[in-house]
Amino acid sequence: MAEVTGTGTVLADVMAELAALEDPKARAVNERHGDDHGVNLGKLRALAKRLKTQQELARDLWATRDTAARLLALLICRPKAFGRDELDAMLRGARTPKVQDWLVNYVVKKNPHAEELRLLWTADPDPVVAGAGWALTTERVAKRPEGLDLPALLDAIEADMKDAPDRLQWAMNHCLAQIGIEHPEHRARAIAVGERLQVLKDYPTSPGCTSPFAPDWIAEMVRRQAPPVA
């Protein structure tokens, strides 16, 4: 595909190529996870690699509201080119878990407004929006914890995670585990909170994979980080 400029013709060409990649088997698998598209993600990434970074085309693709097109948009956009209000509207208009996750992880985390959005979203009554805020908080816990009140985060998790909707609960649980993994001074309390709440205790985990149950997750990651015994 030639270098393009985001015109209507080029958008139509890309949408046609996405339609040609539609696979009913892939759609069936994706729909079980709440994602309404049938494009293999490996093929989607290959298309994005061919298109390269094109911000205007990314905006055109996002405007279609098609899930595969939006995923492609997130792969070819310039994360730093979006304004705060634009990203806020994008998250609130994102309809599927994969789009929401890629938007936060591939775009918002690289955007200069990430901290403003973290504070805005974490306090939002919409559990999907709040979950995005907690995902950004987890990123800070791991990479830039300076200025975070970790005991207050543990207080909030202990008070609210047990009864939180699924996606918000998952995001809070990830934050709990990350606090325990990255911050030894808070590890005992993080494990105790996980043990008391029992969130994801019985989550099915494939052999060789780490359980999302926070105490087990923390223990496994700490074990891996330990220096080898001489």
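**Exercise 1. Helix α7 and what covers it**

Task: Find which residues of helix α7 (residues 97-107) are buried, and what covers them.

Solution. Start with the helix: in α7, the buried residues are Pro97, Val99, Gln100, Trp102, Leu103, Val104 and Val107. Keep in mind as you go that you're looking at a predicted model. Next, look at what sits over those residues: the cover includes α3 (41-51), α4, α5 (67-76), α6 (84-93), α9 (127-143) and α11 (166-182). For reading any helix, here's a handy rule: an α-helix has 3.6 residues a turn, so residues three or four places apart point the same way.

**Exercise 2. The largest nonpolar core**

Task: Work out which residues touch the most other members of the largest nonpolar core, and which element gives the most to this core.

Solution. Step one: the core holds 38 residues, and Leu61, Leu72 and Leu103 are the ones touching the most other members. Step two: go through the elements that give two or more residues, which are α1, α3, α4, α5, α6, α7, α8 (114-122) and α9. Step three: pick out the top contributor, which is α5 with 7 residues.

Now zoom in on Leu72. If you skip its neighbours within four places in sequence, Leu72 is in contact with Val14, Leu18, Leu44, Leu47, Ala48, Leu51 and Leu61. There's also another core, apart from this one, with 26 residues, among them Leu150, Leu153, Ala190 and Val199. As background, nonpolar side chains tend to be buried together in soluble globular proteins.

**Exercise 3. The largest cavity**

Task: Say how many cavities of 30 Å³ or more there are, and describe the lining of the largest cavity.

Solution. The count is 1 cavity of 30 Å³ or more. The largest cavity has a volume of about 30 Å³. Its lining is made of Ala58, Arg59, Trp62, Ala73, Cys77, Phe82 and Met90. Sort that lining by class and you get 6 nonpolar, no polar and 1 charged residues. Helix α4 (residues 55-63) gives the most to this lining, with 3 residues.

**Exercise 4. Gln55 and the cysteines**

Task: Decide whether Gln55 is buried or exposed, and find what Gln55 is in contact with.

Solution. First, place the residue: Gln55 is in helix α4. Its relative accessibility is 5%, so Gln55 counts as buried, the cut-off being under 20%. Then list its partners: leaving aside neighbours within four places in sequence, Gln55 is in contact with Ile76, Cys77, Arg78, Ala81 and Phe82.

Cys77 is worth a second look. Cys77 counts as buried because its relative accessibility is 6%. Cys175 is buried too, with a relative accessible area of 0%. What about disulfides? A search of the whole structure turns up 0 of them.

**Exercise 5. The largest pocket**

Task: Find the volume of the largest pocket, then describe what lines the largest pocket.

Solution. Begin with the volume, which is about 920 Å³. Now count the lining: 29 residues, with Pro97, Asp101, Arg167, Trp170 and Ala171 lying nearest the centre of the pocket. By class, the lining splits into 13 nonpolar, 9 polar and 7 charged residues. Next, trace the helices: α7, α9 and α11 each supply at least two residues of the lining. Of the elements, α9 gives the most, with 9 residues. You've already met Pro97, one of the buried residues of α7.

**Exercise 6. Positive phi**

Task: Locate Arg65 and Gln198, and say how exposed each of them is.

Solution. Begin with the background: most residues other than glycine have a negative phi. Arg65 is not a glycine, yet has a positive phi of about 70°. You'll find Arg65 in the loop between α4 and α5. With a relative accessible area of 44%, Arg65 is partly exposed.

Gln198 also has a positive phi, near 60°. This residue sits in the loop between α12 (187-197) and α13 (214-225). Gln198 counts as partly exposed, at 33% relative accessibility.

**Exercise 7. Ala19**

Task: Decide whether Ala19 is buried or exposed, and find how far its C-alpha atom is from that of Arg92.

Solution. Ala19 is in helix α1 (residues 8-20). Its relative accessible area is 54%, so Ala19 is exposed, as that takes over 50%. For the distance, the C-alpha atoms of Ala19 and Arg92 are separated by 25 Å, and the two residues are 73 residues apart along the chain.

Note on methods:
Residues are numbered from 1 along each chain as its sequence is written. This is a predicted model: local features need pLDDT of at least 70, side-chain atom pairs count only at pLDDT 80 or more; totals for chains, interfaces and linings use all residues. Side-chain values use heavy atoms; hydrogens and water are left out. On a 1 Å grid over the protein atoms alone, a cavity is a set of points where a 1.4 Å probe fits but cannot get out, and a pocket is an open set with protein on both sides within 12 Å along at least five of seven lines; lining residues have an atom within 4 Å of a point. Grid points are joined across faces, edges and corners, and a volume is the space filled by probe spheres set on the points. Helices (H or I, at least four residues) and strands (E, at least two) are DSSP runs, numbered from the N terminus. Ala, Val, Leu, Ile, Met, Phe, Trp, Tyr, Cys and Pro count as nonpolar, Asp, Glu, Lys and Arg as charged, and the others, Gly among them, as polar. Buried means under 20% relative accessible area, exposed over 50%, partly exposed in between (1.4 Å probe, protein chains only). Contact means heavy atoms within 4.5 Å. A disulfide is a pair of cysteine sulfur atoms within 2.5 Å. A nonpolar core is a set of buried Ala, Val, Leu, Ile, Met, Phe, Trp, Tyr and Cys residues joined through side-chain atoms within 4.5 Å.
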